[in-house]
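Please read the following chain alongside its fold, taking the helices and the packing between them in turn.

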Amino acid sequence: MLRFILHRLLVMVPTLLVVSMLIFIVINLPPGDYLSNQIAELRATGQEAGLAKAEFLRHEYSLDRPLPEQYLVWIGVWPGPNGFHGLLQGELGWSFEFNKPVVDVVGETLWFTVILNLAAVLFVYLVSFPLGSLAAIRANSWVDYLAAAVGYIGLATPNFLLALILLYYGQKWLGLPIGGLVDAKYEDQPLSWAKAGSVLEHLIVPTIVIGLSGTAAMVRRLRANLLDELGKPYVVTAKAKGVPPLRRLTRYPLRMALNPFVSDIGSLLPSLVSGSVLISVVLSLPTIGPALLEALRAQDIFLSGFILMFISLLVLVGMLVSDIALALLDPRIRLGKARKAQS
């Protein structure tokens, strides 16, 4: 198992490298950049002081060099004006739009983003697992119809519309807070039980909004997988031999049906992260979503590049967790990978 995990970790390194290349190419596809546009505007208006500062920043962050060299300096494998000073050295760059270091722009928003998406993943699995299992066991019953209704609502309702509906009725009927992920009085205070409780209260609406569409898809998928397993001859034979219903369900059918259910963690995270960007804007959440939109709009390459790299890392971590969970759930996967590595 340790060899399997180490192999997956080693695969993540070249994957991140390729992803970083693609990200850097894509964010540089539009003509110009933030400083080039600013320099052109300052020259047109004759503001020499601002022009000198923009030219200094352009040289300081190697934006006056060829594109491949800019990428190598950004990664930290090529010396810039200050030597090796890139992502590998922990230097995230400068946000030209917010006029401060990238690390100061993202700050706590990284942790809020991780917490929000982790809560959404837990919501998806904690709701879809029992609901999908019951829908398969009680096929064509009111439980199955309820699961189908949740699925249709989750897939058909736009996230931003659901967010507005839950905000209004959640605040009106339950007194749930509107906007943000913590009460204003706790923003500058250290972590405490009161602050943690405030964060959990603020997470209720965004977690449901972000996770509902993923829950709907997972419920339908688990139902279909489990129904297929329950109809196989070995289950019919076990029933004929008098095996108790609970043992007959959990011994093999449920475990086999969970394989694709667990493997979807890797594909679920990208959809949740991309969905949380729009929801963060609608609900005024202090995540990296609004900062990413603003950075892309302004062609703030260092801020947008780091945020996209961070999101990619979250996806790869999700896929790693999915692979480990699959290997623990089904030893055939782990043994198959080990034999393939040895050959």
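The account below goes from one bent helix to the nonpolar cores and then to the record's annotation.

This is a predicted model, in which local features need pLDDT of at least 70 and side-chain atom pairs count only at pLDDT 80 or more, whereas totals for chains, interfaces and linings use all residues. Residues are numbered from 1 along each chain as its sequence is written, and side-chain values use heavy atoms, with hydrogens and water left out.

Helix α9 covers residues 193-230 and spans only 45 Å between its end C-alpha atoms, where a straight helix of 38 residues would span 56 Å at 1.5 Å a residue; helices here are DSSP runs of H or I with at least four residues, numbered from the N terminus, and the expected span is 1.5 Å times one less than the number of residues. Centred on L212, α9 has a kink of about 40°, the bend being the angle between axes fitted to the seven residues ending at a residue and the seven starting there.

The largest nonpolar core has 39 residues, and Y125, L258 and L283 have the most contacts inside it; such a core is a set of buried Ala, Val, Leu, Ile, Met, Phe, Trp, Tyr and Cys residues joined through side-chain atoms within 4.5 Å, buried meaning under 20% relative accessible area with a 1.4 Å probe and protein chains only. The largest share of this core, nine residues, comes from α9. Apart from this core lies another of 34 residues, among them F24, L63, V102 and A298.

UniProt, in an unreviewed entry, places the feature "transmembrane region" at spans including 110-131 and 199-219, although annotations may be inferred rather than shown by experiment. Residues 110-131 are 100% helix, with end C-alpha atoms 32 Å apart, and residues 199-219 are 100% helix, with end C-alpha atoms 28 Å apart.

How values were computed:
Helix = DSSP H or I, 4+ residues; strand = E, 2+ residues; numbered from the N terminus. Buried < 20%, exposed > 50% of the residue type's maximum accessible area, 1.4 Å probe, protein only.
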